[in-house]
Amino acid sequence: MISIVVLVVVSATLVWRRDGFSGVTEILFHDLSLFGGILPRVFAGCLLGAFITEILPHDKVSRSLGPRSGLKGLLTGAAFGAILPGGPFTAYPVASALLAIGADFGATIAMVVSWTLIGYGRAVAWEIPIMGTDFTLWRIVISLPLPILAGALGRFVYVRLYPKRASAEAET
């Protein structure tokens, strides 16, 4: 946090020296406007994550996406990520909620990587119209194993870095 504050102060000083006080205030008001537009989305995403933790049955999530879910959990996480609509204000609170209610790192990593690489919403809305169907389909086909590999690697690394936490989570 301190490094960010230092960077902001240095940047503001440089803008002030170049453009004066009006340059600094113009940037400040633009950023406040941007923040005001983003804040409701962040709030909605956080609410979605909170509701998910209350709505979804923890035992079923743990069975489907937990440490003992094996390859099926990674595939389920990847499939969920591929169909998850919305942007980062949706995906990350959902991923956080899944971790909170029993999904393991591997399945959650598979979900986030799949949302990033395969996400149907972006493919349909942006990629097919701009890049064409052939390109989009081949990109998706080539990307399909990556979320599973990332999730398996995440699961492997997590168990080695945090063996006590991983064994406690596997027991629940």
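**Entry 1. Threonine 108**

I started with threonine 108, which is buried at a relative accessible area of 7%. I take buried as under 20% relative accessible area, exposed as over 50% and partly exposed as in between, with a 1.4 Å probe and protein chains only. I placed threonine 108 in helix 5. Helices here are DSSP runs of H or I with at least four residues, strands are E runs of at least two, and both are numbered from the N terminus. Leaving out residues up to four places away in sequence, I found that threonine 108 touches Ala95, Leu99 and Ala103. Contact means heavy atoms within 4.5 Å.

I noted the basis of the work: this is a predicted model, in which local features need pLDDT of at least 70 and side-chain atom pairs count only at pLDDT 80 or more, while totals for chains, interfaces and linings use all residues. Residues are numbered from 1 along each chain as its sequence is written, and side-chain values use heavy atoms, with hydrogens and water left out.

**Entry 2. The nonpolar core**

I looked up the largest nonpolar core, which has 15 residues. Such a core is a set of buried Ala, Val, Leu, Ile, Met, Phe, Trp, Tyr and Cys residues joined through side-chain atoms within 4.5 Å. The members that touch the most other members are Val61, Leu65, Leu84, Val94, Leu98, Ala103 and Met111. At least two residues of this core come from each of helix 2 (58-65), helix 4 (88-100) and helix 5 (105-117). Helix 4 gives the most, with five residues.

I then followed leucine 84. Setting aside residues up to four places away in sequence, I listed Thr90, Ala91, Met111 and Trp115 as the residues that leucine 84 touches.

**Entry 3. Serine 114**

I went back to helix 5 for serine 114. Serine 114 counts as buried, at 0% relative accessibility. Again not counting residues up to four places away in sequence, I recorded that serine 114 touches Ala78, Gly81, Ala82, Gly119 and Pro147. I also took a C-alpha separation: serine 114 and leucine 14 are 100 residues apart along the chain and 41 Å apart in space.

**Entry 4. Two residues of helix 1**

I checked alanine 44, found in helix 1 (residues 2-55). Alanine 44 is partly exposed, with a relative accessible area of 42%. The C-alpha atoms of alanine 44 and methionine 111 are separated by 20 Å, with their positions 67 residues apart along the chain.

Leucine 39 is also in helix 1. At 43% relative accessibility, leucine 39 counts as partly exposed. I noted a C-alpha separation of 9.8 Å between leucine 39 and phenylalanine 89, which are 50 residues apart along the chain.

**Entry 5. Helix 6 and its contact with helix 7**

I checked the span of helix 6 (residues 120-131), which has 12 residues. Its end C-alpha atoms are only 14 Å apart, short of the 16 Å that a straight helix would reach at 1.5 Å a residue. The expected span is 1.5 Å times one less than the number of residues. Just after helix 6, glycine 132 takes a positive phi of about 100 degrees.

I next looked at the packing of helix 6 and helix 7, whose axes are 6 Å apart at an angle of about 125 degrees. Axes are lines fitted to C-alpha atoms, for helices over the stretch in contact, and angles run from 0 to 180 degrees between N-to-C directions. Helix 6 and helix 7 are therefore oblique to each other. Angles under 35 degrees count as roughly parallel, over 145 as roughly antiparallel, 65 to 115 as roughly perpendicular and the rest as oblique.

On the helix 6 side I listed Ala123, Glu127, Ile128 and Met131, which meet Thr133, Phe135, Thr136, Arg139 and Ile140 in helix 7. By class, this contact has five nonpolar, two polar and two charged residues. Ala, Val, Leu, Ile, Met, Phe, Trp, Tyr, Cys and Pro count as nonpolar, Asp, Glu, Lys and Arg as charged, and the others, Gly among them, as polar.

Phenylalanine 135 of helix 7 is partly exposed, with a relative accessible area of 41%.

**Entry 6. Helix 7 and helix 8**

I found that the axes of helix 7 and helix 8 (residues 145-161) come within 5 Å and cross at roughly 25 degrees. The two helices are therefore roughly parallel to each other. Val141, Ile142 and Ser143 in helix 7 meet Pro145, Leu146 and Pro147 in helix 8. I recorded five nonpolar residues, one polar and no charged in this contact.

I closed with serine 143 in helix 7 (residues 133-143), which is buried at a relative accessible area of 8%. Not counting residues up to four places away in sequence, serine 143 touches Leu117 and Ile118.
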